[in-house]
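Please open the structure in a viewer and keep the sequence panel visible. The tour proceeds from the whole chain to selected sites, with a selection proposed at each stop.

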Amino acid sequence: MQRVSKIIEKGAKALQDLNLLKLLQSEITHELSSNPFQEVKSGSLGDFVVDWDSLQSQDVVLRRKCETGEEVAISALLGPLPFTRETDTDDSVFPRNVLMKICVKKPGLRSVLQFDCEVYNKGDNGSEFDIQNAYYLQSSSAISSSDYRGPVFCDLDHRLIGAFKEYLISKGIGESLTNFLILHLHKKEHSQYVNWLKKLESMVTKDER
């Protein structure tokens, strides 16, 4: 009787694994056959170069050295999925915004200007960015959590907020670059998701043998 129970238990597990395997393979086929980014503007790096873009990491790092000697570094990754109700409909190709950190360093100075920004899809096959915070850092290597970095950004005069944005645009952070980032990071996340599915498929397949 005990032997029969073990056989039944083993058979039930095999059916569960087979069901999971079929669902994984179906999801992989669907993701590989779909191309949601086909009609999207690709944008360009402009004068920036890719400094870091590991297949395993979620972020990408770009750098640029201006003719004035200023150095501009950008670190960007996808933000969390926004909360939506079941009745909400969102046809956007890009379901997530991009969290973008920009650092500007003047030649000969240790201090750094840091901007926390968010890139979002405008809905007309383009993108836009807003500044969330602006910090003045005495040094990029010695930052204390108690240091005063700046005021609440949204409380600033709207003209000053606009001037900060124009300042960043002059450093090369325009729509072409934000188009590149929002597309590149979504394609990267899609590729990582497919690879994750394939790893699970491989593991379940080995269990089947």
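**The whole chain.** Begin with the molecular surface: the accessible surface of the protein comes to about 14000 Å², and 54% of that area belongs to carbon and sulfur atoms. The coordinates are those of a predicted model. Of the 209 residues of the protein, 30% count as buried.

Next, change to a cartoon representation. The secondary structure comes to three helices and six strands, and from the N terminus on the elements run α-β-β-β-β-β-β-α-α. A contact map adds a further view: among contacts between residues at least 6 apart in sequence, 56% join residues at least 24 apart.

**First stop: strand β4.** Select residues 98-105, which form strand β4, and within that strand pick K101. Is K101 buried, partly exposed or exposed? K101 is partly exposed, because its relative accessible area is 35%, between the limits of 20% and 50%. Now add S75 to the selection: K101 and S75 are 26 residues apart in sequence, yet their C-alpha atoms are 5.2 Å apart in space. Leaving aside neighbours within four places in sequence, K101 is in contact with A73, I74 and S75, and also with Q114, F115 and D116. With D116 there is in addition a polar contact of 3.1 Å, which joins the two side chains.

**Second stop: strand β6.** Move to residues 127-137, strand β6, and select S127. S127 is buried, since its relative accessible area of 1% falls under the 20% limit. Which side chain makes a polar contact with the side chain of S127? Display N179: the side chains of S127 and N179 make a polar contact of 2.6 Å. Residues up to four places away in sequence not counted, S127 touches V119, Y120, N121 and K122, together with E175, T178 and N179.

**Third stop: the cavity.** Keep S127 and N179 selected, as both belong to the lining of the largest cavity. Extend the selection to V40, K41, F94, N121, N125, G126 and I182 to complete that lining. By class, the lining has three nonpolar, five polar and one charged residues. The largest cavity has a volume of about 40 Å³, and the count of cavities of 30 Å³ or more comes to one.

**Fourth stop: the largest pocket.** Select E31, P36, F37, L81, V93, P95, R96, H186, E189, H190 and Y193, which line the largest pocket. Its volume is about 230 Å³. Which element gives the most to the lining of the largest pocket? Colour residues 175-208: this is helix α3, which gives the most, with four residues. By class, six nonpolar, two polar and three charged residues make up the lining of the largest pocket.

**Last stop: helix α2.** Finally, select residues 158-170, helix α2, and centre the view on K165. Show the backbone of F129 as well: its backbone oxygen lies 2.7 Å from a polar atom of the K165 side chain. Apart from neighbours within four places in sequence, K165 is in contact with E128, F129, D130 and I131. These four residues may be coloured with strand β6, which spans residues 127-137, to end the tour.

Terms used:
Residues numbered from 1 in each chain as written. Predicted model: local features only at pLDDT ≥ 70, side-chain atom pairs only at ≥ 80, totals over all residues. Heavy atoms only, no water. 1 Å grid on protein atoms, 1.4 Å probe; cavity = no way out; pocket = protein on both sides within 12 Å on 5 of 7 lines; lining within 4 Å. Points joined across faces, edges and corners; volume = space filled by probe spheres on them. Helix = DSSP H or I, 4+ residues; strand = E, 2+ residues; numbered from the N terminus. Nonpolar A, V, L, I, M, F, W, Y, C, P; charged D, E, K, R; others polar. Polar contact = N/O pair within 3.5 Å; in protein donor to acceptor, adjacent residues only side chain to side chain. Contact = heavy atoms within 4.5 Å. Buried < 20%, exposed > 50% of the residue type's maximum accessible area, 1.4 Å probe, protein only. Areas by Shrake-Rupley, 256 points an atom, 1.4 Å probe, with all protein chains shown as cover.
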